[in-house]
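Colleague: I have not looked at this one before. Could you take me through it, beginning with a single residue and then turning to the whole chain?

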Amino acid sequence: MKTRLKGAQTGRNLLKKKADALTIRFRQILKRIIETKTLMGTVMKEAAFSLAEAKFTMGDFSQQILQNVNKASIKVKAKKDNVAGVQLPIFESFKDGNPPMDLTGLSRGGQQMKKLRDNYEKAIEVLIDLASLQTSFIALDDVIKITNRRVNAIEHVIIPKIENTVNYIISELDEMEREEFFRLKKVQEKNRKLKAAEDKKRQELKDQGLLKEVDAPNLLADEEDTDILFK
């Protein structure tokens, strides 16, 4: 039981360290989410303003853009980040080829078009970063809750139960030891009374001349034994 108690305490300590590491990463991600959302507002404002400028200069060019674009120039790839044994999804943006430049000179709006494209590319990158952070935030939140529940269960249920069992076993062993000590003491007291009664009876017999003590031969004395001859 003591081994089980030590194992439970070690498991609790390891889970606490894991929860602390996850909490630190959780706070870092929360800080980055706040910063990214602030940046997102600024970037989207610039993108919307550049879109308004381009429309004012070039008119409605949405159909022309859709006809000249056949694939996405910005794509997303996913990977995993290991934090204290927890796999967090990470999204990264990358450019797949160069965007078409067929409309750069349309109605002398090439400069506004390039500015519009750059602003929305930046907005997409920030949006992907924000999605990655929020996904990791939600995953960490769930894992931290589960880890804290396990720590509380070990600390407030399992360890006290094992400690109570250990204390009960120790108290029973102490009680058995006290009972054994008491029993041995009673046996010694009874033997002492029996010996005292026997000595008293022997002394009475000796006083009455009914009992003679015979000295036991000394085996270490230097005495010569009489030779025994067999005839």
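Colleague: Which helix holds T147?

Modeller: This is a predicted model. The stretch of residues 110–207 forms one helix, and T147 lies within it. That element is helix 3.

Colleague: Is T147 buried or exposed?

Modeller: The relative accessible area of T147 is 3%. A residue counts as buried when this value is under 20%. T147 is therefore buried.

Colleague: Which residue has its backbone oxygen 2.8 Å from a polar atom of the T147 side chain?

Modeller: A polar contact needs N or O atoms within 3.5 Å. At 2.8 Å, a polar atom of the T147 side chain is paired with a backbone oxygen. That oxygen belongs to V143.

Colleague: Which residues does T147 touch, leaving out those up to four places away in sequence?

Modeller: With those sequence neighbours not counted, the list for T147 has four names. They are L15, K18, A19 and L22.

Colleague: Which element of the chain has the highest mean pLDDT?

Modeller: The chain as a whole averages a pLDDT of 78. Helix 2, residues 62–68, has the lowest mean among the elements, at 64. The highest mean, 84, belongs to helix 3.

Colleague: What pattern does the chain follow along the sequence?

Modeller: The secondary structure comes to 3 helices and 2 strands. Read along the sequence, their pattern is α-α-β-β-α.

Colleague: Of the contacts with a separation of 6 or more, what percentage joins residues 24 or more positions apart?

Modeller: The chain has 231 residues, and buried ones make up 20% of them. Among contacts with a separation of 6 or more, the share from residues 24 or more positions apart is 76%.

Technical notes: Residues are numbered from 1 along each chain as its sequence is written. This is a predicted model: local features need pLDDT of at least 70, side-chain atom pairs count only at pLDDT 80 or more; totals for chains, interfaces and linings use all residues. Side-chain values use heavy atoms; hydrogens and water are left out. Helices (H or I, at least four residues) and strands (E, at least two) are DSSP runs, numbered from the N terminus. Buried means under 20% relative accessible area, exposed over 50%, partly exposed in between (1.4 Å probe, protein chains only). A polar contact is a pair of N or O atoms within 3.5 Å; within protein, one must be able to donate a hydrogen and the other to accept it, and residues adjacent in sequence count only if both atoms are side-chain atoms. Contact means heavy atoms within 4.5 Å. pLDDT is the predictor's confidence in each residue, from 0 to 100.
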